[in-house]
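Trainee: Please take me closely through one part of this model, namely its enclosed and open spaces and the helix packing that goes with them. I should like each term to be defined where it is needed.

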Amino acid sequence: MTQPSRHAALRGCFITFRGNPFTMPPEDALHVEEDGLILIRDGIITHCGPYTQVRPFVPHNCPITHYPDSIITAGFIDTHVHYPQMPVIASWGEELLAWLKHYVFPAEARFEDKALAQAVARNFMTELLRNGTTTAAVYCTVHPQSVDAFFEESSRLGTRMIAGKVLMDRNAPDAVRDTAQQGYADSVALIDRWHQNGRQLYAVTPRFAITSTPEQLEMAGALFKSRNDLFMQTHLAETQQECADVATLFPNRSSYLDVYDKAGLVGPRALFGHGIYLNEHDLQRCHTADCTLCHCPTSNLFLGSGIFRLFDVTSKTRPVRTGLGTDVGAGTSLSLLATMAEAYKVSLLAGGAKLHAIQAFWLATAGGAQALHLADKIGTIAPGLEADLCILNPNATPLLTQRVKTSNSMADVLFALMMLGDDRCIQATWVHGTCVHEI
Ligand SMILES: [Zn+2]
């Protein structure tokens, strides 16, 4: 029996991208539809444009949801986050390696309990949607049941998510360690179960070079290459101490990136968290290999890891795909608005160009989709794209209301939103054509 088609229509000001604001004037890259209408059928955008032009296509029985004082954007995209670390967000006083040992590994050990994993996954997804995030690349724990718990919740909500079981066979406590063989076998079973199951996508997930033996990295590489649509996610060059430890563990490799490269882990859909301490040769390699760097500014500031050189990484001469990541629990917020604010500040500390509001919103939407090689599905508001939408309220707080009163451009309103906004500004979140969160 065929299901009747499901329609939805949203009216309001919407913004989307017609180009990359890192390679063209930002104002030219942004499209603003002051009184727009977005028509959705079975989770897919079929029409969008000026209200008067799209109105005739709305079926007679389809209600129009009106957001008169808001800004509708594509849902936010978080390219690097750890759902099991949500309970230890904002844990005081350590840099990366000690923070992992003291806070993260004990927290992740608890995910052997599937009921706990389910409860945290549910809370995590609720928080993501409250923050307008509709797609994320998510680390689970070493336990396969932590992945099942996450994908079960994502499937229930209908979100497009990327996730994977962490591979970690050394330099970690027993409770969060696997073996190269077991990690491989578990990953194969999870890929069979979840990859391309509805909107779910699998990422082979070695945590980083310190906690995987060369054998495990090689097996991860073989798995990543076994299909041409799998993702891979790991950490790269986040802190100086970590880089020094990797150099000691892999004395025959020319760089940290080369450790992954020789294992077959560098290529399209490989997502590297951080990438702060990369040299020109590494960045050239990222460009030619078409892999992705995930910029996680709140995390880098919280752990004192370092300053990501966004405009060097995205340089026109050898651009590297780049998205924004919250990196919770080292990151201090699941809000992409808050993440954009810190990315702006980090761009100032890095010297050179200053992150423009339109560039920041691109990174959080269309650019994030490009970073994940999913731009044909998510990240913009256009016919044929999946209807994941975030409704922003620029008057969510008294301070914002005062501030935007004087705004004379969309770029200025967006800048105020990213500097002053948080979950209170997310009036509603739509996933695959259905409203799943509303204030
Ligand atoms: Zn991370």
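Mentor: In sorting residues by class, Ala, Val, Leu, Ile, Met, Phe, Trp, Tyr, Cys and Pro count as nonpolar, Asp, Glu, Lys and Arg count as charged, and the others, Gly among them, count as polar. The model is predicted: local features need pLDDT of at least 70 and side-chain atom pairs count only at pLDDT 80 or more, while totals for chains, interfaces and linings use all residues. Residues are numbered from 1 along each chain as its sequence is written, and side-chain values use heavy atoms, with hydrogens and water left out.

The spaces are found on a 1 Å grid over the protein atoms alone: a cavity is a set of points where a 1.4 Å probe fits but cannot get out, a pocket is an open set with protein on both sides within 12 Å along at least five of seven lines, and lining residues have an atom within 4 Å of a point. Grid points are joined across faces, edges and corners, and a volume is the space filled by probe spheres set on the points. Helices (H or I, at least four residues) and strands (E, at least two) are DSSP runs, numbered from the N terminus.

I begin with the second largest pocket, which holds about 170 Å³ of space. Its lining consists of Leu97, Leu100, Lys101, Phe105, Asn171, Ala172, Pro173, Phe208, Ile210, Thr211, Asp245 and Leu249. Both α3 (96-109) and α8 (240-249) supply at least two of these residues, and α3 has the largest share, with 4 residues. The lining comprises 8 nonpolar, 2 polar and 2 charged residues.

Helix α3 appears again at the largest cavity, where α3 gives the most to the lining, with 3 residues. This cavity has a volume of about 80 Å³. It is lined by His82, Gln85, Leu96, Trp99, Leu100, Arg207, Phe208, His235, Glu238, His274, Asp327 and Ala330, which divide by class into 5 nonpolar, 4 polar and 3 charged residues.

The largest pocket has a volume of about 240 Å³. Among the 16 residues of its lining, those closest to its centre are Asn20, Pro319, Val320, Arg321 and Gln370. Two or more lining residues come from each of α10 (280-289), β13 (321-324) and α15 (366-371), with α15 providing the largest share, 3 residues. By class, this lining has 7 nonpolar, 7 polar and 2 charged residues. Strand β13 also precedes a loop of interest: Glycine 329 is found in the loop between β13 and α13 (336-349), and the peptide bond from valine 328 to glycine 329 is cis, with omega near 5 degrees.

The structure holds 2 cavities of 30 Å³ or more, and the second largest has a volume of about 30 Å³. Leu167, Ala180, Gly183, Tyr184, Gln216, Met219 and Ala220 form its lining, with 5 nonpolar, 2 polar and no charged residues. Helices α6 and α7 (214-225) each supply at least two of them, which leads to the packing of these helices.

Two packed helices are described by the angle between their axes and the distance between the axes. Axes are lines fitted to C-alpha atoms, for helices over the stretch in contact, and angles run from 0 to 180 degrees between N-to-C directions. For α6 and α7 the angle is about 20 degrees and the axes are 9 Å apart. The two helices are therefore roughly parallel to each other; angles under 35 degrees count as roughly parallel, over 145 as roughly antiparallel, 65 to 115 as roughly perpendicular and the rest as oblique. Their crossing is right-handed: the near helix is turned clockwise from the far one by less than a right angle, whereas anticlockwise would be left-handed. Ala180, Gln181, Tyr184, Ser187, Val188 and Ile191 of α6 make the contact with Glu215, Gln216, Met219 and Leu223 of α7, contact meaning heavy atoms within 4.5 Å. By class, the contact of α6 with α7 has 6 nonpolar, 3 polar and 1 charged.

Helix α6 (residues 180-194) also packs with helix α5 (residues 144-157), at an angle of about 15 degrees and with axes 11 Å apart. That makes α5 roughly parallel to α6, and α5 passes α6 in a right-handed crossing. Here Pro144, Val147, Asp148, Phe151, Glu152 and Ser155 in α5 meet Asp186, Leu190, Arg193 and Trp194 in α6. These contact residues divide into 5 nonpolar, 1 polar and 4 charged. Finally, the loop between α6 and β9 (200-206) contains glutamine 196, whose phi is near 65 degrees, a positive value in a residue other than glycine.
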